[in-house]
Amino acid sequence: MPLQKLKLRPGVNRESTTLANEGTYFEMDKVRFRSGYPEKIGGWVADTGTSNATLAPPAGSFWGVCRSLWNWITLSNYNLLGIGTNLKFYIQSDTGGTFHDITPIRLTTAPGAVTFSAANGSTTLTVTNAGHGAQAGDFVTYSGAVGLGGNVTAAVLNREYQVTTVTSNNVYTVTLTTASNVTVSGGGGGATVAAYQITTGSAVYTQNVGWGAGGWGGITTGYTSTGWGSPAASGVGIGVQLRLWSQSNYGEDLIFNPRGGGLYYWNTNANPNIYDRGILLTAGDTPDICNFVMVSDASRFVLCFGVNDPNAANPAIQNPMLIRWSDQSDYTQWTPAVTNQAGSYTLSHGSQIVTALQSRQEILVWTDAAIYSMQYLGPPYVWGFQLLADNLSIVSPNATATANNVVYWMGVDKFYIYSGRVETLYCPLRQYIYGNINLSQSFQFFSGTNEGFNEVWWYYCSSGSTTIDSYVIYNYLEKVWSYGTLARTAWIDSPLRIQPMATTYGNKLVYHENGVDDGTTNPPSAISSYIQSADFDIGDGHNYGFVWRMVPDITFDGSSVNNPSVTFTMRPRQNPGSNYSTAATPAVTSTQNYQAQRNYTVQQFTQIIYVRVRGRQMAFKISSDGLGVQWQLGVPSIDVRPDGRR
């Protein structure tokens with residue numbers, strides 16, 4: 001028979017059997033589609049920034065699991081990045097710059113309110129501070145203390161520490177940087193001051209704590225859920241739940257909010273070496289509890305979603321369906337009056353506001369059951385609200401993305417699109433994704449765009465995993481889907497820093513589409529990738545087919561090593577219900593010098609490969625696991641002939 005081209009439709013389909021999907025792809029990892037053909041995704045490199053704190057994390061990293069990234073440029077042309085983790089909040093100054101710790105302070109003690117105790121030979125420092133309110137994992141900085149004697153000098157004490165254990169609300173411990181060689185009690189002196197940073201949060205979602213535990217809107221005090229209308233103890237609930245941040249620019253400054261906490265303001269300093277800590281906004285009726293904050297493009301209002309109502313019988317109560325906004329261009333004025341545009345509105349469909357997104361000429365607001373359009377009207381109503389769709393879902397506060405004025409989001413059982421009207425987004429991976437997903441950790445899920453490749457990415461936890469380990473991609477230009485495995489915690493596609501940025505569970509900031517390898521290791525490690533077709537057969541599978549040779553078609557453009565190589569695999573089987581038989585796995589290698597040459601007019605690689613496989617159905621696979629390898633598949637051909645019926 002003549003050579004048969006393996007021209008497959010772009011995209012991957014898992015909605016039916018591998019044979020029913022003949023003519024397309026069925027399995028993949030770390031592969032995307034570009035111009036209709038599969039290629040290995042780009043690599044990533046780690047940012048080289050370091051922390052300025054005395055309690056510094058390992059070089060090139062920060063403390064905690066990042067859940068929020070925000071990039072902007074100041075009037076002085078500083079390229080800043082807001083990084084919100086479950087332990088800290090940072091501002092990074094330019095690519096590779098310092099991670100400046102601006103985590104707000106929740107409590108500064110009076111001088112002498114803190115005393116220290118230590119035992120000879122121990123690194124445990126016992127701290128006594130009545131009503132400290134700290135939990136294990138919180139950070140505290142001491143100043144003004146005098147040495148305890150011996151190794152525990154004033155320089156050892158007057159620095160930042162992380163709380164190790166909490167004995168009571170009056171006593172806790174930290175771990176010294178050096179073991180004490182004396183036994184002392186009540187030390188530190190009368191001038192010792194402790195500055196406690198805001199309560200840290202969890203890196204994973206914990207069921208039955210935080211907002212939503214118990215009855216509708218029940219707020220958690222410690223691990224005990226109370227009814228609606230009962231305020232949480234200060235610093236409790238938010239501290240034991242997954243820490244999510246929202247952040248938005250107010251001019252060149254930053255307003256940010258830990259979900260379930262207050263509003264904080266960070267003022268950009270003209271001196272790039274000075275990074276003051278964020279300050280809690282307390283003026284007037286500023287919301288004390290907020291689930292999501294943004295600053296509107298229209299007339300610069302600060303908008304808070306899921307907030308407390310200062311006019312309620314108990315102003316400490318959080319109303320999860322209430323939206324409040326400040327006066328125009330005044331983040332300190334929240335009390336409505338005829339002389340300002342501050343106000344509020346309570347949505348009616350759903351039980352809580354999940355998130356909001358600024359889109360073209362409107363702000364979209366999602367509850368757990370509906371989506372609203374919020375538009376600026378001007379006085380006296382200020383903002384108008386329109387219900388766009390009901391009886392839908394959204395899986396998490398960070399599961400939305402906008403590209404080309406179209407909004408995409410992930411629901412609890414399907415994907416949605418909004419382009420003037422709300423529609424279901426067809427996904428040929430729907431059963432595959434939602435059949436292997438851990439929705440109990442859905443608040444970790446997030447999305448982001450990769451504009452250079454016309455893609456929207458969603459990251460999620462697979463079934464049985466409590467951390468992000470999987471992704472799915474929608475190419476909105478070519479309308480095709482991809483999927484794979486990758487551990488990331490946050491993502492932002494910012495043109496201000498050229499490449500998309502993401503964060504890892506190793507607490508690193510990485511730049512994607514940079515190189516072709518995994519640059520988070522030293523030296524870089526290879527990225528393993530593959531894609532496999534659905535099964536195809538000869539005719540209707542009446543006869544066996546015998547494949548004895550293949551003519552490759554591939555490009556290695558973008559590779560960074562000489563003679564990059566991939567593996568072509570032919571996988572035969574007798575019938576759709578049988579296992580694959582012994583596969584043929586020849587290698588295809590480029591004969592070009594990719595380190596010395598970057599532009600090619602003719603591809604040069606292995607011209608023909610020989611195989612011996614026999615079956616009624618076959619699947620084709622291409623894979624690579626070498627350093628410096630980049631590839632895009634074309635249209636390979638196989639020489640196949642009928643070979644009997646049994």
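Where in the chain is Asn-563 found? Point 6 answers this; the other points take the chain as a whole, its cysteines and a few single residues.

1. Overall fold. This is a predicted model. The protein chain has 53 strands and two helices. Of the contacts with a separation of 6 or more, 61% are between residues 24 or more positions apart.

2. Dimensions. The C-alpha trace spans about 90 × 65 × 50 Å along its principal axes. The radius of gyration is 29 Å, which agrees with the value near 26 Å for a compact globule of 646 residues.

3. Surface and charge. Of the 646 residues, 53% count as buried. The exposed area of the protein chain is about 25,600 Å², and carbon and sulfur atoms supply 49% of it. The chain carries 36 positive and 40 negative charges, and the mean positions of the two sets are 10 Å apart.

4. Cysteines. How many disulfides does the model contain? The count comes to zero, with a disulfide taken as a pair of cysteine sulfur atoms within 2.5 Å. Cys-304 is in no disulfide, and the nearest cysteine sulfur, that of Cys-290, is 3.9 Å away. For Cys-66, the closest cysteine sulfur is in Cys-461, and because the separation is 15 Å, the two are too far apart for a bond. Cys-66 is buried, with a relative accessible area of 0%. Cys-304 is buried too, with a relative accessible area of 0%.

5. Cis peptide bonds. Most peptide bonds are trans. Two cis bonds deserve a look here. One joins Pro-379 and Pro-380, with omega about 5 degrees. Pro-380 lies in the loop between β30 (370-378) and β31 (382-390). Another joins Asn-522 and Pro-523, also with omega about 5 degrees. The loop holding Pro-523 runs between β43 (518-519) and β44 (529-533).

6. Positive phi. Most residues other than glycine have a negative phi. Asn-563 has a positive value, near 55 degrees. Asn-563 is found in the loop between β47 (554-555) and β48 (565-573). At 42% relative accessibility, Asn-563 counts as partly exposed. Lys-479 likewise has a positive phi, near 60 degrees. Lys-479 lies in the loop between β38 and β39 (480-485). Is Lys-479 buried or exposed? Its relative accessibility is 58%, so Lys-479 counts as exposed.

7. A strand residue. Ala-194 is placed in strand β17, which covers residues 193-197. Ala-194 counts as buried because its relative accessibility is 0%. Leaving aside residues up to four places away in sequence, Ala-194 touches Leu-107, Thr-108, Thr-109, Val-114, Val-140, Thr-141 and Tyr-142. Ser-326 is 132 residues from Ala-194 along the chain, and their C-alpha atoms are separated by 33 Å.

8. A loop residue. Ser-463 lies in the loop between β37 (455-460) and β38 (470-475). Its relative accessibility is 46%, so Ser-463 counts as partly exposed, the class between under 20% (buried) and over 50% (exposed). Not counting residues up to four places away in sequence, Ser-463 touches Asn-436, Ile-437 and Asn-438. Ser-463 and Asn-257, which are 206 residues apart in sequence, are 30 Å apart in space from C-alpha to C-alpha.

Conventions
Residues numbered from 1 in each chain as written. Predicted model: local features only at pLDDT ≥ 70, side-chain atom pairs only at ≥ 80, totals over all residues. Heavy atoms only, no water. Helix = DSSP H or I, 4+ residues; strand = E, 2+ residues; numbered from the N terminus. Rg over C-alpha atoms; globule rule 2.2 N^0.38 Å. Buried < 20%, exposed > 50% of the residue type's maximum accessible area, 1.4 Å probe, protein only. Contact = heavy atoms within 4.5 Å. Areas by Shrake-Rupley, 256 points an atom, 1.4 Å probe, with all protein chains shown as cover. Lys, Arg positive; Asp, Glu negative; His and termini not counted. Charge placed at Lys NZ, Arg CZ, Asp CG, Glu CD.
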